[in-house]
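Q: Please take a close look at one part of this chain. Then connect that part to the rest, and give the cut-offs behind each term.

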Amino acid sequence: MHNINAFDRFKILKQEEVHTLICGALSPELLTYGELLGIIIIDHVSGEVCDVLQAYRSQELSDPRFRLPGCPRRYRNRKREIKRG
């Protein structure tokens, strides 16, 4: 998907029935577009993919070790808060 623009990537994610996207940082326009497509976006996340997925599944993604460097706020899902464990 390297040669596809970000908005088209979101369309592909929607077609593939992706419901949740965990990512580092997206522009406000992409966040809004993803929300309009009905994708839940959990942004400002950093870490190894396996560790992030495990933390997501165990509802521990709000742990500070997964905070994107330079991001002072708590993680939040663009639709609802992620509760601290």
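A: Start with Pro64, which lies in the segment after α3. Helices here are DSSP runs of H or I with at least four residues, strands are runs of E with at least two, and both are numbered from the N terminus. Pro64 is partly exposed because its relative accessible area is 48%. The cut-offs, with a 1.4 Å probe and protein chains only, are under 20% for buried, over 50% for exposed, and partly exposed in between. The C-alpha atoms of Pro64 and Ser46 are 9.7 Å apart, with these positions 18 residues apart along the chain.

A word on the source. This is a predicted model, in which local features need pLDDT of at least 70 and side-chain atom pairs count only at pLDDT 80 or more, while totals for chains, interfaces and linings use all residues. Residues are numbered from 1 along each chain as its sequence is written, and side-chain values use heavy atoms, with hydrogens and water left out.

Now the overall plan. The protein chain has three helices and two strands. Along the sequence they follow the pattern α-β-α-β-α. Of its 85 residues, 25% count as buried.

Go next to α3 and the pocket it helps to line. Rolling a probe the size of a water molecule over the atoms shows where empty space is left. Here the search runs on a 1 Å grid over the protein atoms alone. A pocket is an open set of points with protein on both sides within 12 Å along at least five of seven lines, whereas a cavity is a set where a 1.4 Å probe fits but cannot get out. Lining residues have an atom within 4 Å of a point. Grid points are joined across faces, edges and corners, and a volume is the space filled by probe spheres set on the points.

The second largest pocket holds about 150 Å³ of space. Its lining consists of Thr20, Leu21, Ile22, Cys23, Val45, Val49, Val52, Leu53 and Tyr56. Helix α3 (49–57) and strand β1 (20–22) each contribute at least two of these residues. The largest share, four residues, comes from α3. By type, the lining has eight nonpolar residues, one polar and no charged. Nonpolar covers Ala, Val, Leu, Ile, Met, Phe, Trp, Tyr, Cys and Pro; charged covers Asp, Glu, Lys and Arg; the others, Gly among them, are polar.

Leu21 leads from this lining to the second strand. Its C-alpha atom is 4.9 Å from that of Ile41, a residue 20 positions away along the chain. Ile41 sits in β2 (residues 40–42). Ile41 counts as buried because its relative accessible area is 0%.

Between β2 and α3 runs a loop, and Asp43 is in it. His44 has its place there too. Asp43 is buried, at 1% relative accessibility. His44 is also buried, at 19%. The side chains of Asp43 and His44 make a polar contact at 3.4 Å. Such a contact is a pair of N or O atoms within 3.5 Å; within protein, one must be able to donate a hydrogen and the other to accept it, and residues adjacent in sequence count only if both atoms are side-chain atoms.

What about the cysteines? Cys23 is buried at 13% relative accessible area. Cys50 is exposed at 62%. The whole structure has zero disulfides, a disulfide being a pair of cysteine sulfur atoms within 2.5 Å.

Last, the aromatic residues. There are two aromatic pairs in the structure. Rings of Phe, Tyr and Trp (its six-membered ring) pair if their centres lie within 6.5 Å; planes under 30 degrees apart are stacked, over 60 edge-to-face, and the rest tilted. Phe7 and Tyr33 have ring centres 5.2 Å apart and planes at 70°, so they are edge-to-face. The pair links distant parts of the chain, 26 residues apart: Phe7 is in α1 (residues 6–15) and Tyr33 in α2 (residues 28–36). Phe10 and Tyr33 are also edge-to-face, because their centres are 6.3 Å apart and their planes stand at 90°. This pair too joins α1 to α2, across 23 residues. Phe7 is partly exposed at 36% relative accessibility, while Phe10 is buried at 4%. Phe7, Phe10 and Tyr33 form one aromatic cluster.

Both ends of α1 have a feature to note. Asn5 caps the N-terminal end, with a side-chain oxygen 2.9 Å from the backbone nitrogen of Phe7. After α1 comes Glu17, whose phi is positive, near 60°.
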